[in-house]
Amino acid sequence: MNPLERYQPLVDDVEAFRAACDRPLPSVVRTNTLAASPARVRDAFEAAGVAYETVDWHDGLFRLPDGNPGGNWPHAHGWTHGQEEVSVLPGLALDAQPGDRVWDACAAPGSKTTQIANAMDDTGTLVANDNNLGRLSALRHNAERLGVTNVIVTNQDARNFSTKPLAFDEFDRALVDAPCSCEGTCRKNPDVLDQWTLDHVHGVAGIQKGILARAVQATRPGGTVVYSTCTFAPEENEAVLDHVLREEDCELVPFDLPLKTAPGVTAWDGETYDDSVTRAHRVYPHHNDTGGFFCAKLRVGGPGRDDAASDDAEVGA
Amino acid sequence: MRDASEPDDDDAPTNDVPTTDAPTNDGQRFDRLPETAEDREVAGRASREEVLDWWADRFGIGRDVLGEYTFWEKGAGKVWVFNGEADDPSRVEAIGMTFLRTRQEHWKPTTRAVQRFGEHATRNVVELDSEAAARFVAGEDQELPEWDGDWGYLIASHRIAGGTAPIGVGLYLYDELRSVVPKGSRADLPAVE
């Protein structure tokens with residue numbers, strides 16, 4: 001069975017959904033603002049005759065219709081980084097600020113880490129963790145290539161992450177861009193659909209719950225935790241949020257993303273979830289011609305400087 | 001292909017062999033550089049002042065640029081630059097980025113450090129024309145007899161998009177500019193006028 005079939009009851013236009021999932025995605029690069037402005041990247045592309053298209057909801061993104069995102073001077077200078085469009089959404093939702101203490105719990109290969117470092121203007125402390133040492137070497141390579149100096153790289157199981165190697169014991173913000181069944185990346189890598197199994201969905205959901213719970217525990221009262229995946233499976237999205245809402249002191253907060261999304265779902269496969277999961281965003285490929293994605297924003301409970309709830313305005317690019 | 005996790009790690013062993021009771025360099029952990037030579041406990045370890053002086057002397061990149069960063073050694077002479085908070089990160093995988101190779105006669109900046117901070121350099125920068133820049137980033141050595149500055153490690157830059165930008169580290173010897181861009185970072189790029 002093609003796993004996309006099981007999500008058809010969730011989408012507004014099944015035909016458009018399936019058609020979009022069958023189309024390949026264009027190469028996209030994100031400007032590394034530590035090194036260059038979007039305008040300078042554009043000038044360099046134009047001088048070299050590199051074809052590009054802008055993205056209307058984010059001025060730092062460029063689609064490269066001819067592909068080869070690494071074959072140009074802006075890349076050689078570390079001015080750009082290949083990153084799928086929807087992959088910038090959790091970084092926008094996290095809204096990290098200069099001077100923050102931020103945890104990227106599942107950081108490799110570092111696209112979102114380096115985007116967060118941009119938002120922090122390479123100040124504060126960004127702890128990029130991954131349990132996979134091989135993938136960490138890709139993260140380190142990318143962080144160095146983009147000139148990130150505020151990052152500490154750790155190799156721990158995020159579910160019982162220890163802050164012992166750090167100079168502090170709680171974060172202002174945390175991103176859990178969780179390992180998942182990845183159907184949303186099928187436009188880049190159709191193999192994910194062949195390899196998909198329901199057993200894996202249930203297994204990885206347990207890991208996701210453990211990581212998100214630890215992120216809430218490791219973030220200060222009033223701080224922000226963002227949860228994201230590239231799967232459509234409610235077991236890995238709303239069910240994970242529902243679990244953590246019950247187990248940890250936190251709440252889902254409303255936030256806007258700069259493209260068309262659908263709300264989180266409150267019922268699936270005989271289960272029902274907390275009503276507030278509708279505050280999460282589902283991104284379907286046919287709505288914005290992107291990959292598929294899921295993104296939620298939580299405020300950690302208790303008295304404390306409030307980051308998330310004051311953030312009603314649209315998340316700027 | 002080179003291991004992408006070890007950028008610019010093109011020489012030097014990673015462990016010192018302890019021979020006395022004095023503190024020695026442990027190549028597997030990050031240790032903060034001592035402030036000055038007088039504070040030095042581990043033999044051969046560069047001090048923070050020496051590192052800052054080196055960038056100022058060699059490239060004119062001063063404390064106004066680098067003074068807020070901390071510097072750490074891991075491996076034999078590999079110095080990292082970091083801009084965050086850290087007490088004892090001795091067992092983490094990375095802290096900031098690789099910056100400078102010390103414990104050798106001629107200290108060598110990393111390609112990434114030159115790309116990150118090289119725009120502030122005021123000397124020992126060789127600006128290449130478009131064709132020479134393309135050869136340099138491809139890893140080619142080239143004759144450059146017109147250079148009349150210092151020998152040794154230089155910053156190679158070129159004009160791009162309304163300004164200059166550092167490409168990487170060159171080693172200038174006997175009228176020749178050698179590209180020491182790491183293999184994994186080399187690219188075949190067009191000469192752009």
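## A tour that starts where two chains meet

Select Val153(A) and look across to chain B: its bridge partner in strand 4 of chain B is Ala94(B). You are looking at a predicted model, so please read each stop on the tour in that light.

**Stop 1: the strands around that bridge**

Widen the selection to strand 7 of chain A, residues 151-154, together with strand 4 of chain B. The two strands run antiparallel to each other and are joined by two bridges. As background, strands of a sheet pair through backbone hydrogen bonds, in either a parallel or an antiparallel way.

**Stop 2: the rest of the contact between the chains**

Now show every residue where the chains touch. You should have 36 residues of chain A in contact with 33 residues of chain B. On the chain B side, four elements each give two or more residues: strand 3 (78-82), strand 4 (94-95), strand 5 (97-101) and helix 3 (111-117). Which of the elements of chain B gives the largest share of this side? Select helix 3 of chain B, which provides three residues. Then colour the chain B side by class, and you will find 19 nonpolar residues, with seven polar and seven charged ones.

**Stop 3: a loop in chain B**

Stay in chain B and pick Pro34(B), in the loop that links strand 1 (31-32) to helix 1 (48-59). Is Pro34(B) buried or partly exposed? Its count of C-beta neighbours inside 10 Å is 19, so Pro34(B) is classed as partly exposed; a residue needs 20 or more to be called buried. Leaving out residues up to four places away in sequence, Pro34(B) touches Asp39(B), Arg40(B), Glu41(B), Arg45(B), Ser47(B) and Arg48(B). For a distance to try in the viewer, go from the C-alpha of Pro34(B) to that of Ala113(B): the two are 21 Å apart in space and 79 residues apart in sequence.

**Stop 4: chain A as a whole**

Hide chain B for a moment and zoom out. Chain A has 10 helices and 15 strands. Its C-alpha atoms fill a box of roughly 55 × 50 × 40 Å along the principal axes. The radius of gyration is 19 Å, which agrees with the value near 20 Å for a compact globule of 317 residues. Buried residues account for 54% of the chain. Of the contacts between residues at least 6 apart in sequence, 77% connect residues at least 24 apart.

Next, select residues 17-301 of chain A, which an unreviewed UniProt entry annotates as "domain: SAM-dependent MTase RsmB/NOP-type". This stretch is 31% helix and 24% strand, and its end C-alpha atoms lie 37 Å from each other.

**Stop 5: the annotated active site**

Within chain A, centre the view on Cys230(A), listed as "active site" in UniProt (unreviewed entry). Look for Cys230(A) in the loop between strand 9 (219-229) and helix 9 (238-247). Why does Cys230(A) count as buried? Because it has 25 C-beta neighbours inside 10 Å. Setting aside neighbours within four places in sequence, the residues in contact with Cys230(A) include two other cysteines, Cys180(A) and Cys182(A). Gly184(A), Thr185(A), Gly291(A), Gly292(A) and Phe293(A) are in contact with Cys230(A) as well.

**Stop 6: a four-stranded sheet in chain A**

For the last stop, select strands 1 to 4 of chain A, which form an open, antiparallel sheet in the order 2-3-1-4. Strand 2 (53-55) and strand 4 (80-82) are the edges; each has a single partner strand, so one side of each has no neighbour in the sheet. From one strand to the next, the twist averages 35 degrees.

Focus on strand 1 of chain A, residues 27-31. Four of its five residues are buried, so this strand is mostly covered. Strand 1 makes four antiparallel bridges with strand 3 and three with strand 4. Arg30(A) shows both pairings: its bridge partner in strand 3 is Leu61(A), and in strand 4 it is His81(A). One place along, Thr31(A) stands opposite Thr80(A) of strand 4.

Finally, add helix 2 of chain A, residues 38-48. This helix lies across strand 1, strand 3 (58-64) and strand 4, and runs at about 25 degrees to strand 3.

How values were computed: Residues numbered from 1 in each chain as written. Chains lettered and ligands numbered in written order. Predicted model: local features only at pLDDT ≥ 70, side-chain atom pairs only at ≥ 80, totals over all residues. Rg over C-alpha atoms; globule rule 2.2 N^0.38 Å. Buried ≥ 20, exposed ≤ 12 C-beta atoms within 10 Å, placed from the backbone. Contact = placed C-beta atoms within 7 Å. UniProt positions renumbered as here; feature names shortened; annotations may be inferred. Pairing = 2+ DSSP bridges. Axes fitted to C-alpha atoms, helices over the stretch in contact; angles between N-to-C directions. Nonpolar A, V, L, I, M, F, W, Y, C, P; charged D, E, K, R; others polar.
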